[in-house]
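Biologist: Before we use any of these labels, I would like to hear the reasoning behind each of them, with the value set against its cut-off.

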Amino acid sequence: MPDHYLTKAPMPEKKKEHPKIKSRLHPHNRHRERYDFKQLIAGCPELADFVVLNIYSDETIDFADPAAVKMLNKALLKHYYDLDYWDIPQGYLCPPIPGRADYIHHIADFLCGKNFGTFPMGDKIKCLDIGVGANCVYPIIGNKDYGWSFIGSDTDPVALESAGKIVELNPVLKGKVELRLQTDPKETFYRIIQKDEIIDLSICNPPFHASAEEAQSGTLRKLSNLNSKKVTEPVLNFGGQPGELWCEGGEGRFIRDMILQSKQFSASCLWFSTIVSKQSTLKSAIKSLDKAGVAELKTIPMGQGNKASRIVAWTFHTTEQQKKWMDARWKEIV
Ligand SMILES: C[S@@+](CC[C@H](N)C(=O)[O-])C[C@H]1O[C@@H](n2cnc3c(N)ncnc32)[C@H](O)[C@@H]1O
């Protein structure tokens with residue numbers, strides 16, 4: 001994200017040299033190079049209205065403007081993921097695509113390592129996305145880059161309707177993503193994973209904050225950083241419904257419950273995983289994993305500096321059982 005942008009006339013500053021590659025992103029991430037706005041506008045002409053020049057005369061958008069951020073997402077999803085249609089209801093989370101793609105690439109790399117250097121590819125690989133959201137971002141990326149099929153769950157019927165429309169209106173996704181409503185917000189797998197259903201991987205970007213107030217001050221902080229001055233009125237830019245931003249106990253409790261509940265589905269799913277944003281959550285998550293008696297766990301670092309985060313992945317299957325699973329399900333897949 002740029003440090004500076006202008007919404008008025010550009011000032012004559014000398015051109016800034018940018019590193020060619022955003023090295024904090026995973027090597028397989030499609031978004032490592034600076035946005036090529038000409039290319040993006042070619043696929044999504046409406047983006048042109050939102051492009052401005054920053055003080056270095058580089059093309060960019062106003063990242064504090066929700067309409068501009070949403071249009072950039074539409075253009076990226078069209079150009080890189082072949083989506084003809086993508087939209088979210090007003091006020092819903094507008095995800096930064098490059099960061100979301102990193103989760104998929106890091107976890108794919110991890111599975112590749114487990115699978116003796118071969119990426120598990122194709123729609124026989126079943127991924128469960130807990131909290132798919134209105135934006136459906138992980139199934140879009142995971143299907144495009146690895147061909148995986150998805151089950152997306154959510155507690156919010158409006159989010160599921162929106163995700164359903166994205167799947168329905170894009171031929172590339174049709175038949176590849178199934179959406180399921182979780183009617184009990186305290187549950188993550190129960191009622192979602194059906195009897196005898198086999199899941200190769202579950203992923204989750206959990207609600208982060210512990211209260212509405214905490215979520216609001218987080219949004220204000222983000223906006224203040226984007227505007228380089230203190231913002232006191234919340235404006236929806238990356239958006240977020242209450243259920244997307246917070247839950248009782250915050251990510252700590254959500255992840256603890258998910259870990260403890262995963263034990264009940266240990267035979268149905270090979271690898272469980274989640275994003276863990278806070279360092280303090282990592283410690284408690286590892287304690288919960290220990291308590292649940294997992295056979296193996298892995299912490300996978302993502303990003304760098306103040307954008308650093310991590311994935312925690314765990315399984316109840318021993319190395320021998322993992323090998324049997326991969327031989328049975330991942331071998332024939334090219
Ligand atoms: C941070 S948002 C993530 C949305 C999307 N995956 C993304 O990364 O942009 C968390 C999502 O989890 C959903 N959610 C909350 N509790 C849930 C539960 N128990 N089961 C499934 N989804 C849940 C929320 O409604 C919300 O859509």
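Modeller: In this predicted model, 22 residues surround the ligand, and the closest are Arg-100, Gly-131, Asp-154, Glu-187 and Asn-205. By class, this shell holds ten nonpolar, eight polar and four charged residues, and helix H4 (137-146), strand E4 (149-154) and helix H7 (242-245) each supply at least two residues of it.

Biologist: What makes the pairing of Asn-205 with an oxygen atom of the ligand a polar contact?

Modeller: The term asks for a pair of N or O atoms within 3.5 Å, and an N or O atom in the side chain of Asn-205 is 2.8 Å from an oxygen atom of the ligand, so the pair qualifies as a polar contact. A backbone N or O atom of Gly-131 likewise lies 2.8 Å from a nitrogen atom of the ligand, and a polar backbone atom of Val-132 is 3.4 Å from a ligand nitrogen atom. As for cover, the ligand taken alone exposes 600 Å², of which the protein buries 96%.

Biologist: Why is Asp-200 called buried?

Modeller: Buried means under 20% relative accessible area, and because Asp-200 has 0% relative accessibility, this residue of strand E6 (residues 199-204) counts as buried. Its side chain makes a polar contact of 3.0 Å with the side chain of Trp-325 and another, of 2.8 Å, with the side chain of Trp-330.

Biologist: Trp-325 belongs to a helix with other buried residues; how do you know that the buried residues of H10 are on the same side?

Modeller: In helix H10 (residues 319-329), the buried residues are Gln-322, Trp-325 and Met-326. They cover an arc of only 95 degrees around the axis, and therefore they are on the same side of H10. On the other side of H10, Glu-320, Lys-324 and Ala-328 are exposed.

Biologist: Why is Ser-57 called partly exposed, whereas Asp-196 is called exposed?

Modeller: Exposed means over 50% relative accessible area and buried under 20%, with partly exposed in between. Ser-57, at 34%, falls between those limits and is therefore partly exposed, while Asp-196, at 70%, is over the upper limit and so is exposed. Ser-57 is found in the loop between strand E1 (52-53) and strand E2 (59-60), and Asp-196 in the loop between strand E5 (177-181) and E6.

Biologist: What are the phi values of these two residues, Ser-57 and Asp-196?

Modeller: Phi of Ser-57 is near 65 degrees, which is a positive value in a residue other than glycine; Asp-196, although it is not a glycine, has a positive phi of about 70 degrees.

Biologist: How do you know that Cys-44 and Cys-136 are buried, and how many disulfides does the whole structure have?

Modeller: Cys-44 has a relative accessible area of 7% and Cys-136 one of 0%, and because both values are under 20%, both residues are buried. A search of the whole structure finds zero disulfides, the term being reserved for a pair of cysteine sulfur atoms within 2.5 Å.

Biologist: And why does His-31 count as buried?

Modeller: The relative accessibility of His-31 is 1%, which is under the 20% limit, so His-31 counts as buried. This residue is found in the segment before helix H1 (37-43), and its C-alpha atom is separated by 9.0 Å from that of Gly-99, 68 residues apart along the chain.

Terms used. Residues numbered from 1 in each chain as written. Predicted model: local features only at pLDDT ≥ 70, side-chain atom pairs only at ≥ 80, totals over all residues. Heavy atoms only, no water. Near = heavy atom within 4 Å. Polar contact = N/O pair within 3.5 Å; in protein donor to acceptor, adjacent residues only side chain to side chain. Areas by Shrake-Rupley, 256 points an atom, 1.4 Å probe, with all protein chains shown as cover. Helix = DSSP H or I, 4+ residues; strand = E, 2+ residues; numbered from the N terminus. Nonpolar A, V, L, I, M, F, W, Y, C, P; charged D, E, K, R; others polar. Buried < 20%, exposed > 50% of the residue type's maximum accessible area, 1.4 Å probe, protein only. Arc of directions from axis to C-beta.
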